[in-house]
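Visitor: Please pick one part of this structure and show it to me closely. Start with the whole, then move in.

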Amino acid sequence: MNDSVDKLVIFLAKRDGIDKLVKTFQYVSKLVNWHVEATHPDTAKRFKQWEVASGLGRKAFRTGRFLTGFNVLRRNPGSTLSLRLLAVLANAGEMVYFFFDHFLWLARIGTIDANLAKRMSYISAFGESVGYIFFIIADFILLKEGLKAERKLRSSKEKSAEEEKGIQKIRSDRMMRLMAVAANVADLFIAIAEIEPNPFCNHTVTLGISGLVSAWAGWYRNWPS
């Protein structure tokens, strides 16, 4: 598939695809709002509204997303005991994140008590951060295994077509996992800003750059090949 428009249409048809596009809107508008709020308050207000609308829109798109983690655990939790344990912990954290994110969304749009928003945000962010930590650990284990497998394939003097194909597959998987690690580390900064506010994680530039790193890593992973 070489047509860029076809790829874009397929990308945007995916829930993760449209989420990464709107996430880009959300964090670009956050950075623009921060940059112009002192000199152009009217423009800053417009971008703030865009940021808030994008964030609420993303929460609506994620309705039912907590079932994804449940399905992963049901279908293919991992090839070894350690990976299965990491998958349970990571997906459990992610399920908590997406489940309580529903209530955060409802609180912020006024459907349920708005006073619940802070508590729902904390629980959601806590589950999110737990999930990211275990996803990162699992990805590093699989990256290490991939390097070992590649070295083994490269050790043979005359490589068959099948071995060359195996090396390419390992490299492709490595890039996808590195993108996943980048996205999870970036999102972990955003979650920590909610759980344990601090000057570094809560700075607008840190949040903005983290959000864009996560969004663009997601673009790479979800873009049709």
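Guide: Begin with how the chain meets itself. Take contacts (heavy atoms within 4.5 Å) between residues at least 6 apart in sequence: 70% of them join residues at least 24 apart. This is a predicted model: local features need pLDDT of at least 70, side-chain atom pairs count only at pLDDT 80 or more, and totals for chains, interfaces and linings use all residues. Residues are numbered from 1 along each chain as its sequence is written, and side-chain values use heavy atoms, with hydrogens and water left out.

The chain has eight helices and zero strands. Both are DSSP runs, numbered from the N terminus: H or I with at least four residues for helices, E with at least two for strands. The C-alpha atoms fill a box of roughly 65 × 40 × 35 Å along the principal axes. Of the 225 residues, 36% are buried. Buried means under 20% relative accessible area; exposed means over 50%; partly exposed is in between, with a 1.4 Å probe and protein chains only.

Now move in on helix α3. Helix α3 covers residues 41–61, 21 residues in total. From first C-alpha to last, α3 reaches 30 Å. That is close to the 30 Å expected at 1.5 Å a residue. The expected span is 1.5 Å times one less than the number of residues.

Which residues of α3 are buried? They are Ala44, Glu51, Ser54, Gly55, Gly57, Arg58 and Lys59. Their cover includes α2 (15–36) and α5 (81–108).

Compare two residues of α3. Lys48 lies in this helix and is partly exposed, because its relative accessible area is 37%. Glu194 sits 146 residues away from Lys48 in sequence, and their C-alpha atoms are 19 Å apart. Arg58 is in α3 too. Arg58 counts as buried because its relative accessible area is 7%. Leave out residues up to four places away in sequence, and Arg58 touches Asp19, Val22, Lys23 and Gln26.

Next, follow the charges around α3. The whole structure holds 14 salt bridges. In each, a side-chain nitrogen of Lys or Arg lies within 4 Å of a carboxyl oxygen of Asp or Glu. Asp19 forms one with Arg62, and their closest N and O atoms are 3.8 Å apart. This pair links distant parts of the chain, 43 residues apart: Asp19 in helix α2, Arg62 in the loop between α3 and α4. Asp19 is buried at 4% relative accessible area. Arg62 is buried at 6%.

Arg62 has another partner. The side chains of Asp101 and Arg62 meet in a salt bridge of 2.8 Å, N to O. This pair also links distant parts: Asp101 is in helix α5, 39 residues from Arg62 in its loop. Asp101 is buried, like Arg62.

For contrast, look at a salt bridge inside one helix. Arg154 and Glu150 meet at 3.1 Å, N to O. Both are in helix α6, and they are separated by about one helical turn because they are four residues apart. Arg154 is partly exposed at 38%, whereas Glu150 is buried at 8%. Back at α3, salt bridges that share partners join Asp19, Lys20, Arg58, Lys59, Arg62 and Asp101 into one network.

Now step past that loop. Phe66 belongs to helix α4 (residues 66–75). Phe66 is partly exposed, because its relative accessible area is 22%. Setting aside residues up to four places away in sequence, Phe66 touches Met95, Phe98, Phe99 and His102. Phe66 also shares one aromatic cluster with Phe99, Phe100 and Phe103. Rings of Phe, Tyr and Trp (its six-membered ring) pair if their centres lie within 6.5 Å; planes under 30 degrees apart count as stacked, over 60 as edge-to-face and the rest as tilted. The count by this rule is 12 aromatic pairs. Tyr122 and Phe126 make a stacked one: 6.5 Å centre to centre, with 15° between the planes.

Go back to α3 once more. Arg58 in this helix is buried, and Arg58 is part of the salt-bridge network with Arg62 and Asp101.
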